[in-house]
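Biologist: Could you walk me through this model? I'd like to hear the rule behind each label.

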Amino acid sequence: MSLPPGFLDELRTRVTLSTVVGRKVMWDRRKSNQGKGDMWAPCPFHHEKTASFHVDDGKGFYYCFGCQAKGDVIGFVKETENVGFMEAVELLAREAGMTMPQADPKARERADRRTQLADVMEEAVKFFRMSLKTAVAENARQYLAKRGLDAAALDRFEIGFAPNSRDGILQALTGRGIAVQDLIDTGMCIKPDDGGQPYDRFRGRIMFPIRDARGRCIAFGGRSMDPNARAKYLNSPETMLFDKGRSLYNHAPARGAVGRGQPLIVAEGYMDVIALCLAGFEGAVAPLGTAITENQLNMVWQISPEPIIALDGDKAGLRAAYRLMDLSLPHLQTGRALRFALMPEGQDPDDLIRAKGPGAVQTVLDQAMPLVELLWQRETEGQNFDSPDRRAALDKRLSDALHQIKDKTLFSHYVQAIKDLRWAHFRSAPSGGFRAKPTVAKAQPTTRASALVQSQEDVAQYLREAVIAAVLIKTPQIIPEFLDELVMIDFDHADHAAILRLLVTHVPADEQAANELVSQNLGAAALENLFRQSHLSVVPTLRRAGDLEIARLTLQEELAKMATDRGLRAELNEFTSISPDELDDVMFYRLGQAADARNRATRPDQEDTAHYDLGENGARINREERDKLDALLKTITYSKKN
């Protein structure tokens with residue numbers, strides 16, 4: 001089956017090569033530059049230890065400097081999945097959400113029609129550009145000059161003008177042999193429902209050509225010169241060429257700029273994009289008159305893994321940021337993020353550039369907040385959390401938002417980031433809020449592992465972390481069962497935390513794979529330092545390697561101990577940080593419950609069933625121990641007599 005022209009180009013645009021290759025390789029993070037789509041890894045086609053396999057997302061090709069394997073995303077799927085060309089295309093199309101074209105004798109006819117309409121659009125570009133130079137466009141030229149656009153800028157962005165005439169472009173292009181129906185099918189003209197004569201869609205407007213990723217003009221955006229116009233901006237209707245929700249203004253030039261190291265900036269409108277480009281921020285794009293769609297979001301991620309969303313500094317801009325945040329949460333992945341740069345109050349990027357220059361914009365971009373901070377801002381700004389109910393409601397809202405993230409690794413990092421933000425927010429809260437955690441001086445990395453320089457609690461925490469890390473390395477098969485708990489753990493010690501992150505992120509299949517994973521990423525010394533700790537020799541799981549049931553029981557016990565220990569410490573921190581006047585029965589009850597929980601967890605099988613008698617001094621005497629002592633004394637007395 002033959003594919004229609006443009007289908008493969010669209011497929012390659014929607015599917016990132018590094019995303020597909022990343023399922024088969026482990027990237028060398030020291031050598032790779034993810035922001036530029038410049039990725040390196042050991043080659044999946046031949047056995048090697050060095051990262052000689054290169055993926056260039058900008059060009060869409062891979063190449064191995066060892067075995068000379070090369071190709072594009074379709075070729076990679078063919079080689080790694082052992083499928084034919086059409087099967088590879090079908091697999092990628094399914095991933096990209098594209099419908100495979102059916103065998104259709106009219107497919108070529110439709111492709112030819114799109115080519116014909118694209119030629120008509122180029123003629124429209126020429127007509128509008130010529131019209132901008134005529135006397136009827138004087139006001140438009142003055143307006144553009146005030147916005148800082150000189151002749152070079154007008155040429156660069158092919159800006160034109162649609163005369164305020166009912167049939168200006170209709171007469172001009174039909175005079176060049178273009179059919180009226182072609183002008184209707186491109187959206188340049190409108191045919192009345194009553195059967196009257198077609199007329200121009202764009203009249204009295206500054207015209208901005210909209211080109212697709214291949215550089216073809218597919219639509220126009222028109223800015224009205226009439227302040228009383230019903231629509232300040234008007235876009236072409238959807239046609240065979242133009243799908244508004246799948247198009248971006250300045251798409252192709254921005255993609256090239258990002259490939260040269262520029263950041264990708266998503267602005268709100270044409271003039272913002274033009275102003276940013278002229279100020280040196282050439283990786284700027286904009287949606288076309290509406291909020292960013294899911295398809296456009298995927299398109300910007302195809303260009304850059306972490307685009308910056310630059311929005312106007314007003315309530316409408318903030319609402320737009322929140323809408324985009326909600327849209328993006330279910331689609332976030334490792335390597336797909338967003339940052340938000342809000343302009344100063346009442347300004348857009350164009351305003352800020354004209355008022356204070358490119359440096360002011362750069363400052364705002366440098367301060368762009370990650371999505372997690374914007375989420376925290378929305379859920380906390382202007383609110384009071386002076387009661388447990390309000391704090392619980394906050395936690396629920398945040399939890400509901402975070403659970404939209406399907407990538408478990410990314411989810412765990414977002415959970416940790418929210419915990420950090422929560423702690424920073426509440427640590428200095430007034431009465432009723434969370435209190436500051438007492439500052440404890442930490443040992444230096446070179447001595448911290450020694451139990452001699454740690455407090456009793458630090459020793460217990462260190463040993464417990466080591467046990468958990470060692471059990472997971474020996475029996476990584478149980479990680480999926482405890483994944484939700486493991487991603488929420490906060491290890492205090494960096495060496496243990498690094499091992500846990502690796503295991504939870506990659507979930508190795510067995511002990512050998514776990515050892516290789518840790519050694520490759522943290523070095524062989526990491527395993528040596530962990531397992532040479534003498535206390536690990538008494539852990540049943542490690543003495544009976546491969547016993548999954550013992551591993552489960554050990555991990556359950558250590559996680560329970562860690563949770564109750566942290567709970568008690570949290571209650572103690574709050575209890576000791578307030579004045580005696582604020583203490584009440586509820587706080588004493590909570591502290592007692594936390595202490596009981598910790599004692600039960602640390603001594604799960606040692607319930608005290610002994611009987612006691614009260615001594616003359618008020619002390620409790622274990623009856624069984626007293627009986628043993630009496631029997632021993634009788635024996636000694638009997639021996640002396642004999």
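**Labels and their rules**

Modeller: Let's start with T475, which sits in the loop between α20 (456-474) and α21 (483-486). This is a predicted model, where local features need pLDDT of at least 70 and side-chain atom pairs count only at pLDDT 80 or more, while totals for chains, interfaces and linings use all residues. Residues are numbered from 1 along each chain as its sequence is written, and side-chain values use heavy atoms, with hydrogens and water left out.

Biologist: Why is T475 called buried or exposed?

Modeller: Buried means under 20% relative accessible area, exposed over 50%, and partly exposed in between (1.4 Å probe, protein chains only). T475 has 1% relative accessibility, so it counts as buried.

Biologist: What does the side chain of T475 have as a polar partner?

Modeller: The backbone oxygen of V471, 2.8 Å from a polar atom of that side chain. A polar contact is a pair of N or O atoms within 3.5 Å; within protein, one must be able to donate a hydrogen and the other to accept it, and residues adjacent in sequence count only if both atoms are side-chain atoms.

Biologist: How many helices and strands are there, and what makes a run count as one?

Modeller: The chain has 28 helices and 17 strands. Both are DSSP runs numbered from the N terminus: helices are H or I with at least four residues, strands are E with at least two.

Biologist: How do you know what span to expect for α13?

Modeller: You take 1.5 Å times one less than the number of residues. Helix α13 (residues 315-328) has 14 residues, and its 20 Å from first C-alpha to last is close to the 20 Å expected. D314 caps its N-terminal end, with a side-chain oxygen 3.3 Å from the backbone nitrogen of A316.

Biologist: Which residues of α13 are buried, and what covers them?

Modeller: The buried ones are G317, L318, A320, A321, Y322, L324, M325 and S328. Their cover includes α12 (294-303), β13 (308-313), β14 (339-345) and α16 (371-380).

Biologist: What makes β8 largely enclosed by the rest of the structure?

Modeller: Seven of the seven residues of β8 (residues 205-211) are buried, so the label fits. Both faces are covered: R205, M207, P209 and R211 are buried on one side, and I206, F208 and I210 on the other.

Biologist: How do you know that β8 pairs with β5 and β9?

Modeller: Two strands pair if DSSP finds at least two bridges between them. β5 (residues 160-162) and β8 have three bridges, antiparallel, with G160 opposite M207. Seven bridges join β8 to β9 (residues 217-224), also antiparallel, and F208 has G221 as its bridge partner in β9. β8 and β9 form a hairpin with five residues between them, and G215 in the turn has a positive phi of about 90 degrees.

Biologist: Why are β1 and β4 said to stand at the edges?

Modeller: Four strands form an open antiparallel sheet in the order β1-β2-β3-β4. β1 (38-41) and β4 (70-71) each have a single partner strand, so one side of each is left without a neighbour in the sheet. Inside that order, four bridges join β2 (residues 53-56) to β3 (residues 61-64), and V55 stands opposite Y62.

Biologist: How many disulfides are there by your rule?

Modeller: Zero. C64 is in no disulfide, as the nearest cysteine sulfur, that of C43, is 3.6 Å away, and the rule wants a pair of cysteine sulfur atoms within 2.5 Å. C64 has 0% relative accessibility, so it counts as buried.

How values were computed
Contact means heavy atoms within 4.5 Å.
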